[in-house]
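Me: I have a structure open and would like to learn how to read its features one at a time. Could you walk me through it?

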Amino acid sequence: ELGRPRIDVVVSLSGIFRDLLPLQVRLLAEAALLAASADEPLEQNFVRAHALAHMRALDCDLETAALRVFSNAEGAYGSNVNHLVDSGTWQDDGELATTFVRRKGFAYGASGRSDAQHDLLQRALAGVELAYQNLDSVELGVTDIDYYYESLGAIAKVAEKAGGRAAVYVGDQTRGPGTVRTLEEQVALESRTRLLNPKWFEGMLKHGY
């Protein structure tokens, strides 16, 4: 209907969103499975093309190969990448990528239950060309809290470790019409308008950040 092929998307959820949005998790998983099962030319359906490739590589069924919604294991939260960075106990970027896959490599299917699928997550992210994260707050940007680099940054590192390279974009829908910027543009914008702005620091201190 859109006049282009179906684009394959990997969804990485925080443990909190996983808990708060169980219906949406199941709907996304079902959508991916329906796309992977569609009788369409592979050049018009990258979800199906990749799922078939995952089936061959991992010796699994189509339902498993079509899993695209990932998070922590049930009851677990966070990627722990932020803890590694804060403590300085990592040696190279590959270690950050490995930690992310180990923590966030649990796939959620249409049933809503999780299944450890670390190899599938790594394969799916190996082909990623673009990583995207929306801003959650008008007050907190990508340079303010560790959530952004422990998720968006780690996903980009997994893709890089697997031989690919993901261009990183940030979506800003916090004020009026949405704007999409590259990570570099977003960091530069925050540096100009916030980090170098004394009033911004005063506001952050007032709110206890």
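Reply: Happy to. Helices here are DSSP runs of H or I with at least four residues, numbered from the N terminus. Ala126, for instance, has its place in helix α7. Please keep in mind that this is a predicted model.

Me: Is Ala126 buried, exposed or partly exposed?

Reply: The general idea is a cut-off: buried means under 20% relative accessible area, exposed over 50%, and partly exposed in between. Ala126 has 25% relative accessibility and therefore counts as partly exposed.

Me: Which residues is Ala126 in contact with, leaving aside its neighbours within four places in sequence?

Reply: Those are Ala162 and Gly164. It also helps to compare sequence with space: Ala126 and Ala166 are 40 residues apart along the chain, and their C-alpha atoms are 9.0 Å apart.

Me: Let's move on to helix packing. At what angle do α6 and α7 pack?

Reply: Look at the angle together with the distance between the axes. For α6 and α7 the angle is about 125°, and the axes are 9 Å apart. The two helices are therefore oblique to each other, and their crossing is right-handed.

Me: Which residues of α6 and α7 meet?

Reply: From α6 come Phe100, Val101, Arg102 and Lys104, and they meet His118, Leu121, Gln122 and Leu125 of α7. Sorted by class, this contact has four nonpolar, two polar and two charged residues.

Me: How does α3 pack with α7?

Reply: Helix α3 covers residues 46–58 and α7 covers 118–126; they pack at about 135°, with axes 11 Å apart. That makes α3 and α7 oblique to each other, too. α3 passes α7 in a right-handed crossing. On the α3 side the contact is made by Ala53, His54, Ala57 and Leu58, and on the α7 side by Asp119, Leu120, Arg123 and Ala124. The residues of this contact divide into five nonpolar, one polar and two charged.

Me: Why should I look for groups of nonpolar side chains?

Reply: Because in soluble globular proteins, nonpolar side chains tend to be buried together. In this model, the largest nonpolar core has 26 residues, and those with the most contacts inside it are Phe100, Leu125 and Val158.

Me: Which elements give two or more residues to this core?

Reply: They are α5 (81–87), α6 (93–104), α7, α8 (147–161) and β6 (167–172). The largest share, seven residues, comes from α8. Another core lies apart from this one; it has seven residues, among them Val47, Ala51, Ala65 and Ala66.

Me: What is Phe100 in contact with, beyond its neighbours within four places in sequence?

Reply: Its partners include Leu125, Ala154, Ile155 and Val158, as well as Ser12, Ser79 and Glu150.

Me: Last topic, the backbone. Which residue in the loop between α3 and α4 has a positive phi although it is not a glycine?

Reply: That is Asp59, with a phi of about 55°. The loop that holds Asp59 runs between α3 and α4 (62–65). Asp59 is exposed, with a relative accessible area of 73%.

Me: And where does Asn80 lie?

Reply: Asn80 is found in the loop between β2 (69–71) and α5. Its phi is near 70°, again a positive value in a residue other than glycine. With a relative accessible area of 29%, Asn80 is partly exposed.

Terms used:
Residues are numbered from 1 along each chain as its sequence is written. This is a predicted model: local features need pLDDT of at least 70, side-chain atom pairs count only at pLDDT 80 or more; totals for chains, interfaces and linings use all residues. Side-chain values use heavy atoms; hydrogens and water are left out. Axes are lines fitted to C-alpha atoms, for helices over the stretch in contact, and angles run from 0 to 180 degrees between N-to-C directions. Angles under 35 degrees count as roughly parallel, over 145 as roughly antiparallel, 65 to 115 as roughly perpendicular and the rest as oblique. A crossing is left-handed if the near helix is turned anticlockwise from the far one by less than a right angle, and right-handed if clockwise. Contact means heavy atoms within 4.5 Å. Ala, Val, Leu, Ile, Met, Phe, Trp, Tyr, Cys and Pro count as nonpolar, Asp, Glu, Lys and Arg as charged, and the others, Gly among them, as polar. A nonpolar core is a set of buried Ala, Val, Leu, Ile, Met, Phe, Trp, Tyr and Cys residues joined through side-chain atoms within 4.5 Å. Buried means under 20% relative accessible area, exposed over 50%, partly exposed in between (1.4 Å probe, protein chains only).
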